[in-house]
Amino acid sequence: MPTVRPERETPAQGATAGKGALSKRRNIQKAKLMDFTSTVIIPLLIGSVGIFGLFGLLQRMRMRAYLQDAVVVITGATSGLGKECAKAFHIAGSKLVLCGRNSERLQDLVRELSAMTNHPKNVHKPYTVVFDLADTNTVLNAAEEILKHLGHVDILINNAGISYRGTILDTGVDVDKKVMETNYFGPVAFTKALLPSMIKRRQGHIVAISSVQGKISIPFRSAYAASKHATQAFFDCLRAEVEQFEIDVTVVSPGYIQTNLSLNAITADGSQYGVMDKNTLEGQTASEVAQVVLYAVGQKKKEVLVAGLMPSLAVYLRTLVPKLFFTFMASRARKERKAKAS
Ligand SMILES: NC(=O)c1ccc[n+]([C@@H]2O[C@H](COP(=O)([O-])OP(=O)(O)OC[C@H]3O[C@@H](n4cnc5c(N)ncnc54)[C@H](OP(=O)(O)O)[C@@H]3O)[C@@H](O)[C@H]2O)c1
């Protein structure tokens, strides 16, 4: 009987069969992966996007409810960031109390707000109060007038401020005091005057517009940086002390904003600086920063740093590698002094 010999695979045939099995295995793996993707990953992604979307929606709804009809007091409303905050909170439906030193400019703003059309139905005509933060008596009278007229304050935004340019050596203490009165003692007196009524209601929110210079000190800005460091410290203490009364405190620390701050800054002899600094001109727009303030308030953030990469890095450098920060600042002082001399 003839024996049937099993046919031997040639090496080429073996390789083809091996490749076939491999590609079959790969196909099965691919199918499994696609199956896993379509049954697990895609529903998980859709679910996550849905949850985030819902979370965002809830946050926006809560924020809208918080700001609508809230009595919001804004100091320094006649210019720059204060003016843009006024617009943002007006659109959000808040009852505004606009504060400034110049009655005419406040009335101009009221007219500007009334002419705005991009807002929901429930907007309120703002109330205006004229006072100088550097004069404690007028500050206390203003707080009394606000409480008399509106009954209470929900949100106080301490925004008004002045800046300073000069060397410590040439600057009289009267200039240091003026900057401290406007940026620190004024807002402190105003806050203290409104605080008891907030505590009584166990409701209120106090906002301080500080600065990156409340966290780091740059040469030739001594009075300003000192006033903002003091602001940061005071409102940090306040936050801790009034938490028990359910009062929120938010400190916003912007970098450079395109406003008139440097134009209005005072110099070593108390005169107006009157120069639009390059950094200020290249800063964020006031309306962008006002939106950050609106969200920070709406979400009851404790503090927000609104700055570009370099100022933010400088804040971390000051904390983590102070020696390097001091070297940079000394070099900056030398460069600025040289540029002024030339
Ligand atoms: N611009 C920036 O680069 C920058 C950066 C960080 C932080 N900030 C802070 O942002 C806040 C707003 O400043 P801004 O940039 O919008 O400057 P701005 O355009 O010069 O506005 C300053 C506002 O403060 C008011 N003000 C000044 N002194 C006052 C006083 N003694 N009593 C009452 N109100 C007074 C001004 O009112 P009048 O019309 O009466 O003068 C004006 O409405 C300030 O606290 C500032 O330190 C600004």
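This passage looks at the shell around the ligand and at two loop residues with unusual backbone angles. The model is predicted, so local features are taken only at pLDDT of at least 70 and side-chain atom pairs only at pLDDT 80 or more, while totals for chains, interfaces and linings use all residues. Residue numbers start from 1 along each chain, following its sequence as written.

Start with the ligand: 30 residues surround it, where a residue counts as near a molecule or strand if its C-beta atom, placed from the backbone, lies within 6 Å of it. The closest are G76, G80, R101, G161 and T259. Two elements, α2 (80-91) and α7 (261-264), each give two or more residues to this shell, and α2 gives the most, with 3 residues. Helices here are DSSP runs of H or I with at least four residues, strands are E runs of at least two, and both are numbered from the N terminus. By class, the shell has 17 polar, 10 nonpolar and 3 charged residues. Ala, Val, Leu, Ile, Met, Phe, Trp, Tyr, Cys and Pro are nonpolar, Asp, Glu, Lys and Arg are charged, and the others, Gly among them, are polar.

Now for the backbone. E246 is not a glycine, yet its phi is positive, at about 60 degrees. E246 sits in the loop between α6 (222-242) and β7 (247-254). With 13 other C-beta atoms within 10 Å, E246 is partly exposed; that label falls between buried (20 or more such atoms) and exposed (12 or fewer), with C-beta atoms placed from the backbone.

K300, also not a glycine, has a positive phi of about 50 degrees. K300 lies in the loop linking α9 (286-298) and β9 (303-306), and K300 is partly exposed, with 13 other C-beta atoms within 10 Å.
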